Amino acid sequence: MPSAPPSKPPEQRPEHPDFWCKRFGEGCTPWDAGRVPNAFAAFVASQQPAVNTLIPGCGSAWEAAFLAESGWPVTALDFSPQAVASARQVLAGTAVDLVCADFFTFEPRQTYRLIYERAFLCALPRQLWADWARRVAELLSPGGRLAGFFFLCEQPKGPPFGIRPEQLDELLAPNFERLEDAAVDDSIQVFAGRERWQVWRRR
Ligand SMILES: C[S@@+](CC[C@H](N)C(=O)[O-])C[C@H]1O[C@@H](n2cnc3c(N)ncnc32)[C@H](O)[C@@H]1O
């Protein structure tokens, strides 16, 4: 019997926390905007009342700090201890619930009314996309929303892994309807011209 090909070491596999720990540890985080994107700030300003929010794959968690300062209940989650250490610095003094756990297996205390997406789906190898779509649907209460930035392009090598618009629609259509789809004018270089702001409503 032919033996299975050796798998890559964990720090070369984005589905493994070591991949992200290495990059945070080396300060090599080209996806990190270091600020809150305009469309998300405008979205938050337009919402009343505040709703309990999950930020999966939060990285340095700039948006979590912003939400907490705006009085929103927020859970920021990442499976990389180095990312969580970076978030802890950004979140010092805020009321954010910062959790080091895997998005696919953590056990939430309740469902959420909002899941914020930025650079998380595009960090996942495509074999995990169907699980991601099932999991966001499971974690949101009916009427809850998935809102954020989606890296829409043909880019099979990543991260960031690009997703074609029709692939994203196919993933989410079974459980969601799209409410918003807009161009983004303040993207950082890695995403410029290829990301869109979208809001999806959980049926
Ligand atoms: C490209 S970074 C984006 C970080 C942040 N969202 C931002 O916009 O700066 C992707 C993040 O997702 C985290 N991540 C990847 N897979 C994960 C999983 N299964 N569970 C939790 N976090 C995960 C990584 O550790 C990393 O911090």
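Look at the shell around the ligand and you'll find a mostly familiar mix: 12 nonpolar residues, four polar and four charged. That shell counts 20 residues, and the closest ones are Trp-20, Gly-57, Gly-59, Ser-80 and Phe-103. Keep in mind as you click around that this is a predicted model.

Now zoom out to the protein that holds the ligand. Its secondary structure comes to six helices and seven strands. Walking from the N terminus, you pass the elements in the order α-α-β-α-β-α-β-β-α-β-α-β-β. So how does the radius of gyration of the protein sit against that of a compact globule? For 203 residues, the globule rule gives a value near 17 Å, and the protein has 16 Å, so the two agree. If you'd like a feel for the outer dimensions, the C-alpha atoms fill a box of roughly 60 × 40 × 35 Å along the principal axes.

What about the inside? Buried residues make up 38% of the 203. As for contacts, take those with a separation of 6 or more: 64% of them are between residues 24 or more positions apart.

With that overview in hand, the loops are worth a slower look. Start with the one between helix H2 (38-45) and strand E1 (53-56), which is where you'll find Pro-49. The peptide bond joining Gln-48 to Pro-49 is cis, with omega at about 0°. A second cis bond turns up further along the chain, this time between Pro-159 and Pro-160, with an omega of about 5°. Pro-160 also belongs to a loop, the one that runs between strand E5 (140-151) and helix H6 (165-172).

Two alanines round off the tour. Which sign does phi take at Ala-61? Positive, at about 70°, even though Ala-61 is not a glycine. You'll spot Ala-61 in the loop between E1 and helix H3 (62-69). Is Ala-61 buried or exposed? The cut-off for buried is 20 or more other C-beta atoms within 10 Å, and Ala-61 counts as buried because it has 26 such neighbours inside 10 Å.

Ala-119 tells a similar sort of story. Ala-119 has a positive phi of about 55°, again without being a glycine. Its loop is the one between strand E4 (112-118) and helix H5 (129-139). Ala-119 is buried too, because 23 other C-beta atoms lie within 10 Å.

How values were computed. Residues are numbered from 1 along each chain as its sequence is written. This is a predicted model: local features need pLDDT of at least 70, side-chain atom pairs count only at pLDDT 80 or more; totals for chains, interfaces and linings use all residues. A residue is near a molecule or strand if its C-beta atom, placed from the backbone, lies within 6 Å of it. Ala, Val, Leu, Ile, Met, Phe, Trp, Tyr, Cys and Pro count as nonpolar, Asp, Glu, Lys and Arg as charged, and the others, Gly among them, as polar. Helices (H or I, at least four residues) and strands (E, at least two) are DSSP runs, numbered from the N terminus. A residue is buried if 20 or more other C-beta atoms lie within 10 Å of its own, exposed if 12 or fewer, and partly exposed in between; C-beta atoms are placed from the backbone. The radius of gyration is taken over C-alpha atoms; the globule rule is 2.2 Å times the number of residues to the power 0.38. Two residues are in contact if their C-beta atoms, placed from the backbone, lie within 7 Å.
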